[in-house]
Amino acid sequence: MRATMMYEAGDVRIENIPDANLRDSTDALIRITRACICGSDLWPYRLKQADGRGQNMGHEAIGVVEAVGKDVRTVKVGDVVVMPFAYSDGSCEFCHEGLQTACTHGGFFGNSEVGGAQAEALRIPHADGTLYALPVGEDDALMPSLLTLSDVMGTGHHAAVVARVGRGKKAAVIGDGAVGLCAVIAARRLGAEQIIILGRHPDRIELAKRFGATDVVSERGEEAIARVRELTGGFGVHSVLECVGTDQAMATSMGLARAGGAIGRVGVPHYDAIPQAQPMFYRNVLVGGGPAPVRAYIDELLPDVLEGRIEPGRVFDRTVDLDGVPEGYRAMDARESIKVMVKP
């Protein structure tokens, strides 16, 4: 079968690899019908060192079940399913607590151990706890929005939940990528009365406004902090949704949060220590977050997608086939595209 492999920074190839097959009785095999390139995929695209081995890429997908192991009970051949970016058994203590990304038998897609979703097919470990059957056909018009439930919409929602977004509160979203834009949707959905997007790309800012952003701040650093405080009566926001992962973004988050506020960080951190630890302590600012347990959020978010109340699929502005994946990486890295969908 054909799949995406990354060998070093900037070196993305579509290659023939061994076909995906069932290995364990709890596995399912899916034919990938939609996948995508994630902002987090750009980190290895920029930084990966050559080691002589290719890395299987892709961790977001919708597919059709082609085969199941003898112990799989919740999905069957022919089901259209969404595949969260992490696999989980659905039965451990953390899965029962709704934190599937900490599953004791789980892990993440997009590596040599379990394979990647930017491919024609993929083996899904622990299919019962991982896959979520959708009540639609494989070519339903809602596919773009349904695909976001595998990662970016659930991740934006996680940022909002951790940041304690609620009715009547003020929120700021740092980052105008797909996760940040979905975080705007999440903040509006949870009732924030003011949603400030920090970004500077006109096409993304326009989409953020359509999603519910009330204010735009294009400055950075101290200037951004001053502008947000000006927009919030001098106090800052109740909730900061940090969707970038750099130390600068985290330092800005600390400056935006009002006393007693909360920061939900879902950008993969590229720093060793959280900046501004002393102000965080003395101003009682809560900081939390991590890999979003998107599998736990599908029940809540799916009805809003099916009934058209939210349209996160609008973050996709380019579609490619497998042969177009390398160009999709280039376009996202160059900020020519917000998020690229892949139709193998």
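# Strands, cores and cysteines

Student: Which residue in β4 is the bridge partner of M6?
Tutor: Let's start with the strands. Strand β1 spans residues 2–8 and pairs with β4 in the antiparallel sense over two bridges; strands (E, at least two residues) and helices (H or I, at least four) are DSSP runs, numbered from the N terminus. Two strands pair if DSSP finds at least two bridges between them. In β4, the bridge partner of M6 is Q55.

Student: What kind of model is this?
Tutor: Residues are numbered from 1 along each chain as its sequence is written, and side-chain values use heavy atoms, leaving out hydrogens and water. Local features need pLDDT of at least 70, side-chain atom pairs count only at pLDDT 80 or more, and totals for chains, interfaces and linings use all residues, as this is a predicted model.

Student: Which strands stand at the edges of the sheet with β2, β1 and β4?
Tutor: Those three strands form an open antiparallel sheet in the order β2-β1-β4. An edge strand has a single partner, so one side of it is left without a neighbour in the sheet. The edges are β2 (11–16) and β4 (55–56).

Student: At about what angle to β2 does α12 run?
Tutor: Helix α12 covers residues 325–333 and lies across β1 and β2. Axes here are lines fitted to C-alpha atoms, for helices over the stretch in contact (heavy atoms within 4.5 Å). Angles run from 0 to 180 degrees between N-to-C directions. For α12 and β2 the angle is about 160 degrees.

Student: In β18, which residue is the bridge partner of R318?
Tutor: Strand β17 (residues 316–320) runs parallel to β18 (residues 339–342), and four bridges join them. In β18, R318 has as its bridge partner V340.

Student: Which strands stand at the edges of the six-strand sheet?
Tutor: Good one to trace along the model! This open sheet is parallel, with the order β13-β12-β11-β14-β15-β16, and its twist averages 20 degrees from one strand to the next. Each edge strand has a single partner, so one side is left without a neighbour in the sheet. The edge strands are β13 (215–217) and β16 (286–289).

Student: Which residue in β14 stands opposite A171?
Tutor: Strand β11 (residues 170–174) and strand β14 (residues 237–242) run parallel and are joined by four bridges. Opposite A171 stands S239.

Student: Which helix gives the largest share of the largest nonpolar core?
Tutor: A nonpolar core is a set of buried Ala, Val, Leu, Ile, Met, Phe, Trp, Tyr and Cys residues joined through side-chain atoms within 4.5 Å. The largest one has 50 residues, and L134, L146, L149 and L241 have the most contacts inside it. Nine of its residues come from residues 178–189, which is helix α6.

Student: Is helix α9 largely enclosed or not, and how many of its residues are buried?
Tutor: Buried means under 20% relative accessible area, exposed over 50%, and partly exposed in between (1.4 Å probe, protein chains only). In α9 the buried residues include A249, M250 and L256. Helix α9 (residues 247–256) is largely enclosed by the rest of the structure, because its buried residues number seven of the ten.

Student: How far from C95 is the nearest cysteine sulfur?
Tutor: The structure holds zero disulfides, a disulfide being a pair of cysteine sulfur atoms within 2.5 Å. C95 is in none, and the nearest cysteine sulfur is that of C92, at a distance of 3.7 Å.
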